[in-house]
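Visitor: I am new to this structure and would like a close look at a single part of it. Could you take one strand and go through what surrounds it, step by step?

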Amino acid sequence: MDVTLAALRALVATAVPEGLHLEFKRKQDPFLPGLSRDDSRAIAEAVAAFANSDGGVLILGVRSERRDGADVAAELIPMAQVGRLAGEVRAVAELNVSPQVRGLDVVEIGLDDGSSNGFIVLSVPASDVRPHMSTARGVHRYYRRSFTGSEIMTPGEVRDQ
């Protein structure tokens with residue numbers, strides 16, 4: 001996926017809604033390097049949900065807000081040391097989803113101010129070896145993607161996959 005800083009700014013300017021193939025997340029503390037347990041859990045949940053559905057894109061560093069019944073892109077919140085963080089995001093996506101999702105694409109998008117701050121775009125393909133479980137610490141659940149977000153799968157949905 002080819003996403004630029006200008007494209008991210010346009011998502012916010014036009015209040016693009018989350019949906020079946022798109023989710024926005026902000027890091028718990030964007031100024032500190034590294035991922036919190038909640039950050040890791042949210043990433044693993046989204047990756048499992050997209051892989052168990054039609055695939056999708058998770059953009060980290062975007063605050064969403066509820067408008068007219070939908071979560072829309074509301075503000076860009078750059079994260080510190082985005083280059084290092086991209087490696088952590090990849091590791092979380094690979095190590096906290098079982099079985100591992102093949103073909104993940106993690107792209108960092110830096111700010112145009114010369115700092116090490118920026119955003120991360122994680123593209124998740126639909127998987128042929130589903131269902132995938134989020135195995136993030138304390139979770140161990142199967143998720144699927146819907147138009148309103150990631151949802152826990154029922155035992156019947158897990159069996160059908």
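Guide: Leu60 of strand 2 has Ile120 as its bridge partner in strand 7, and this pairing belongs to a set of 5 bridges that join strand 2 to strand 7 (residues 118–124), the two running antiparallel. The model in which these pairings appear is a predicted one. Leu60 also stands opposite Lys25, a residue that belongs to strand 1 (residues 22–25), and strand 1 is joined to strand 2 by 4 bridges, in this case with the two strands running parallel. Strands of a sheet pair through backbone hydrogen bonds, and both the parallel and the antiparallel arrangement occur. Between strand 1 and strand 2 the chain passes through helix 2, and this β-α-β crossover is right-handed.

Turning to the side chains, in a regular strand these alternate between the two faces of the sheet. In strand 2, Gly56, Leu58 and Leu60 point one way, while Val57 and Ile59 point the other way, and all are buried. Buried here stands for a relative accessible area under 20%; since 5 of the 5 residues of strand 2 (residues 56–60) are buried, the strand is largely enclosed by the rest of the structure.

Helix 1 (residues 5–13) also belongs in this picture, with Leu5, Leu8 and Leu11 as buried residues. Seen down the axis of helix 1, its buried residues fall within an arc of 115°, so they line one face of the helix. Strand 2 is among the elements that cover these buried residues, and the cover also includes strand 1, strand 4 (70–76), strand 6 (105–110) and strand 7. On the face of helix 1 turned away from the buried side lie Ala6 and Ala13, which are exposed. After helix 1 comes Ala15, whose phi is positive, near 50°.

A second sheet can be followed from here. It is an open sheet of 4 strands in the order 5-8-9-10, with antiparallel pairing, and its edge strands, strand 5 (97–98) and strand 10 (149–152), each pair on one side only. Within this sheet, 2 bridges join strand 8 (residues 133–134) to strand 9 (residues 141–146), which run antiparallel, and Ser134 has Arg141 of strand 9 as its bridge partner. Helix 2 (residues 37–51) packs on this sheet, where it touches strand 5, strand 8, strand 9 and strand 10, and its direction makes about 65° with that of strand 9.

Conventions: Residues are numbered from 1 along each chain as its sequence is written. This is a predicted model: local features need pLDDT of at least 70, side-chain atom pairs count only at pLDDT 80 or more; totals for chains, interfaces and linings use all residues. Side-chain values use heavy atoms; hydrogens and water are left out. Two strands pair if DSSP finds at least two bridges between them. Contact means heavy atoms within 4.5 Å. Axes are lines fitted to C-alpha atoms, for helices over the stretch in contact, and angles run from 0 to 180 degrees between N-to-C directions. Buried means under 20% relative accessible area, exposed over 50%, partly exposed in between (1.4 Å probe, protein chains only). A crossover is right-handed if, with the strands pointing away from the viewer, the path from the first strand over the helix to the second runs clockwise. The arc is that of the directions from the helix axis to the C-beta atoms.
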